[in-house]
Number of protein chains: 2
Amino acid sequence: KFITAAEAANFIKHGYNVGLSGFTPAGSPKAVIAEVARIAEEEHAKGNPFQIGIFTGASTGDSCDGMLSRVKSLRYRAPYTTNTDFRNAVNNGEIAYNDIHLSQMAQEIRYGFMGKVNVAIVEACELTEDGKIYLTAGSGITPTICRLADHVIVELNSVHSKNTIGLHDVYEPLDPPYRREIPIYKPSDRIGTPYLQVDPKKIIGVVQTNIQDEARPFTPADPITDQIGVNVANFLAADMKRGIIPSTFLPLQSGVGNIANAVLGALGRDKTIPDFEMYTEVTQDSVIALMKEGRVKFGSTCSLSVSNEVLDEVYNNMDFFRNKMVIRPSEISNSPEIARRLGLISMNTAIE
Amino acid sequence: KFITAAEAANFIKHGYNVGLSGFTPAGSPKAVIAEVARIAEEEHAKGNPFQIGIFTGASTGDSCDGMLSRVKSLRYRAPYTTNTDFRNAVNNGEIAYNDIHLSQMAQEIRYGFMGKVNVAIVEACELTEDGKIYLTAGSGITPTICRLADHVIVELNSVHSKNTIGLHDVYEPLDPPYRREIPIYKPSDRIGTPYLQVDPKKIIGVVQTNIQDEARPFTPADPITDQIGVNVANFLAADMKRGIIPSTFLPLQSGVGNIANAVLGALGRDKTIPDFEMYTEVTQDSVIALMKEGRVKFGSTCSLSVSNEVLDEVYNNMDFFRNKMVIRPSEISNSPEIARRLGLISMNTAIE
C-alpha cells in the first residue's frame, strides 16, 4: 500500500536501528530519512529523546548523514561516511561511529554485533505483490538488512528507470561455519537473482518518490591528473611488456575521485593495453565512457556512482549496457576472496 | 648425491636470489647459508662484491638474517624478519627490504616482481630418488621456490623425524586469471600432497645435517598475561552465550608470543567454551598442550614454532598427533579467502 514519507517515518522510533539500501548516494533512500530528521527535531523540542542507529553499505547523501547529524538524532553509525557535519559530530563524541571494512558490514550485522535491524528502507525501481524488489543504482547491504529487519519500507523512485531490472545480482552468503566459496571466477559471473525477495508481510508501505541521486560533482581532469593517469598507464603497460601482467590483462579495481577518473581515461587511451574488465565497488563516469568506446568490456560494481546525466544515458541505452555490467552487494564487490582470486589490479587514491 | 654445506654454498653466486624453506626458524635450512656468509666475508676481504637476495616465508633464525646482515651480504629481502642486526642494516639503507603480506609472497615471486629464483634451499626429513621431498617443521613458500628455482639444494636434517611424513599438505594455486577457489571448508581439509615434487635433475646436492631449529624461548605465563588470557576467554564465552558466536564455536587464529600462549591456556581452561579447532600460521607450545588435553581438536598451521622439547614430544607421539594437525604453505595458511570463509576468531598481539 502507498503511504507518504511522513507516514513511513512514524514507524521509526527512538532507539531503533535502521538499515538503508544503496552504496554511496547511489541507491540510497532519500525521502523517509528527511522526515525522520523532522520528527527528531520535534521530539527534541518537546524535550523527548530521539536517536537512531543507521546501517548502510557505504556513504550516503546529505539527506541522511548530514541532516541526522545536524538534528543530533544519530546514536550509532557504521561503516563509513564522508559528511562534514557527521565527522564533526563524531569528533565531538556525539555519535558512536564504527569504521569497519565495507565488506564486513553485512556479516557483522548478521552476527548481531550491532544489535537488531528494526526497519530497512530500500529504494526500488519496481516491486511485485509477492515481495520481489528490484533495486536501483546501488546495492550495499540491502539483501541482509531486508532479510533481518522486522519491517521494510520501500521508496519507489520513478527517477530510476524500470529498465534497470536485471542489472543486480542479489546474493547473500551463509555465515561460518557453513559458508562455501563465493563462486565468482570472472567479473561477469552471476551467482544470485536479479531481484531481492522479501516477505511481503514485512513491507509496511511503499513511498512514491521522484528524487535524483545526490551525485557528487567531479571536477574535470586537468593537466596534473592527466599526467598522473599517463604515468600509471605507462607503468602497467611496461609491466605487461615484461610479462609480469598477462597479455590478457587483469581486471581493474579503481577508487573514487578525479584522479581515478583520469587514470581510467589514460588507460583507455593507451592502446598497448588490451580491452579490459573491471571488478570494483563504484562505477564512475569514466567507466561508462570507456564502455561506449569498447575499452571496458565488463564492469562489476556495487553502485553506479555517476553523474545524473550519465545515469540517464545508461538508463536510456540499457540494450547496450545490460550485458556489460552487474551491481553486487558490497560483501561480494569488496570480497577479499574474490579480489585475490581474480588478481585485481587495484588503484586507490590516497590524497587528492 | 651428498655434498657438504661448503660445497653447496659454492653454487650460490653474487647477485643470486635464494629462496628458503620454512616459516619462522621452523623448517628453515641452517647449514648452507652459514657457509654462504663465510664466502661473502672472503670475497669482501678480496675486494669483490658478494650480495644476494633472500626470499622466505616469514622470519628465519640468526643463522640467516643475522649472519648475512653482519657480513653485509644481503641485497634484497622479503617478506618479513625479526632480527635486530637485519633491522639496523635496513634502517641504515644497506638492505632493500620489501615488507609485504606473508600470504602474497609466493604469488609475487611467481609474478616475477622480485626477479628470478636462482637457488632454493629446502630442509627435508626425507627425499626420494624421483624428487619427492618431505618437509620438516615449517612450509612457507617452499612449493613455489622449489618449482621456480633453477637449482635446489636439500638439507636433510636428521633432527626432524621421518615420522613427520604426512604432516604437510603441499598445494600451490594457479595464478589469475586461472585461479579457482581454494577448496578448504574446515581446518582439517587436505587439498594437496604430503610431499613436494621437484624435478630431480634440479637437485644439485643433498647436505646431511643434524641441527635443531633455532626456536625462540618464551618466558612462562605470569599473573598479568594470565589475567589477559582470562579476560579474552570471558569475552568470547560471553559472546557465545549471547549467540553471537555459534555454539559449535569457530576456529581460532592466534598470533605469536607469550600473551598468545596465555590466552590459549585460558581458553583451554574455560570449560564453557567447547573443544575447538585452530587455523593459524604458527603452532606454539600451548596448542600442543591443549591437543593433549583434547581441548584443541585440530590445528592447521604453517609451522610448528615450538620449543625443541615439545617438537621432540610431537615427533615421538606422531600416532597421537598425526590426525590432529596439518602444515600448509603460507599462501594457504594466511589466505584471506579461507580466513573469511571459516569465520576465524583472530587474536594477535600488538605490543608485549
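Pro177(B) sits in the loop between strand S8 (151-157) and strand S9 (196-197) of chain B. The peptide bond leading into Pro177(B) from Pro176(B) is cis, with omega near 5 degrees. Please keep in mind that this is a predicted model, so that applies to the backbone angles as well.

There is another cis bond to note in chain B. The bond from Ala78(B) to Pro79(B) is cis, with omega near 0 degrees. Pro79(B) belongs to the loop between strand S4 (74-78) and helix H4 (84-91) of chain B.

One more backbone item, this time a phi angle. Thr24(B) is not a glycine, yet its phi is positive, near 65 degrees. Where is Thr24(B)? Thr24(B) lies in the loop between strand S2 (17-20) and helix H2 (32-45) of chain B. As background, most residues other than glycine have a negative phi, and most peptide bonds are trans.

Next, how the two chains are related. Chain A superposes on chain B by a rotation of 180 degrees, with 0.0 Å of shift along the axis and an RMSD of 0.0 Å. The two copies are therefore related as by a two-fold rotation axis. Which C-alpha of chain A is nearest the axis? That of Glu337(A), at 2.0 Å from the axis. Both copies use the same surface, since 100% of the contact residues of chain A recur in chain B.

Now the interface itself. On each side there are 24 residues: 24 of chain A are in contact with 24 of chain B. The buried area between the chains is about 2,300 Å², and carbon and sulfur atoms give 54% of that. Three residues, Tyr185(A), Arg340(A) and Arg341(A), supply 29% of the area that chain A buries against chain B, more than any other three residues.

How many salt bridges does the rule find across the interface of chain A and chain B? Two. Glu337(A), the residue whose C-alpha is nearest the axis in chain A, forms a salt bridge with Arg341(B), and the closest N and O atoms are 3.3 Å apart. The rule also finds six residue pairs in polar contact across this interface, with both residues at pLDDT 80 or more.

In terms of elements, helix H5 (105-111) and helix H13 (336-342) of chain A each supply at least two residues of the side of chain A that touches chain B. H13(A) gives the most to that side, with five residues. By class, the side of chain A that touches chain B has ten nonpolar, seven polar and seven charged residues.

Moving inside chain A. The domain assignment gives domain 1 (5-209) and domain 2 (223-347). Their centres, taken over C-alpha atoms, are 26 Å apart. The contact between the domains takes in 41 residues of domain 1 and 31 residues of domain 2. About 2,800 Å² is buried between the two domains, with carbon and sulfur atoms giving 61%. On the domain 1 side, Phe23(A), Leu167(A) and Pro187(A) supply 26% of the area buried against domain 2, more than any other three residues.

What about charges between the domains? The count between domain 1 and domain 2 of chain A is two salt bridges. A salt bridge joins Arg110(A) to Glu331(A), with the closest N and O atoms 2.7 Å apart. The rule finds 18 residue pairs in polar contact across this domain interface, again with both at pLDDT 80 or more.

On the side of domain 1 that touches domain 2, the elements giving two or more residues are H5 and helix H6 (142-148) of chain A. H5(A) gives the most, with three residues. By class, that side has 16 nonpolar, 17 polar and eight charged residues.

Last, salt bridges overall. A search of the whole structure finds 50 over all chains. One pair to look at is Asp169(A) with Arg328(A), whose side chains meet at 3.3 Å, N to O. Asp169(A) is in the loop between strand S7 (151-157) and strand S8 (196-197) of chain A, and Arg328(A) is in the loop between strand S15 (325-327) and helix H12 (330-333) of chain A, so the pair ties together parts that are 159 residues apart in sequence. In general, side chains of opposite charge can pair when their charged atoms come close.

Methods: Residues are numbered from 1 along each chain as its sequence is written. Chains are lettered from A and ligands numbered from 1 in the order in which they are written. This is a predicted model: local features need pLDDT of at least 70, side-chain atom pairs count only at pLDDT 80 or more; totals for chains, interfaces and linings use all residues. Side-chain values use heavy atoms; hydrogens and water are left out. Contact means heavy atoms within 4.5 Å. Buried area is the accessible area (1.4 Å probe) that two parts lose on being put together, summed over both. A salt bridge is a side-chain nitrogen of Lys or Arg within 4 Å of a carboxyl oxygen of Asp or Glu. A polar contact is a pair of N or O atoms within 3.5 Å; within protein, one must be able to donate a hydrogen and the other to accept it, and residues adjacent in sequence count only if both atoms are side-chain atoms. Helices (H or I, at least four residues) and strands (E, at least two) are DSSP runs, numbered from the N terminus. Ala, Val, Leu, Ile, Met, Phe, Trp, Tyr, Cys and Pro count as nonpolar, Asp, Glu, Lys and Arg as charged, and the others, Gly among them, as polar. Domain bounds come from an automatic or database domain assignment. Copies are superposed by least squares on the C-alpha atoms of residues with pLDDT of at least 70 in both.
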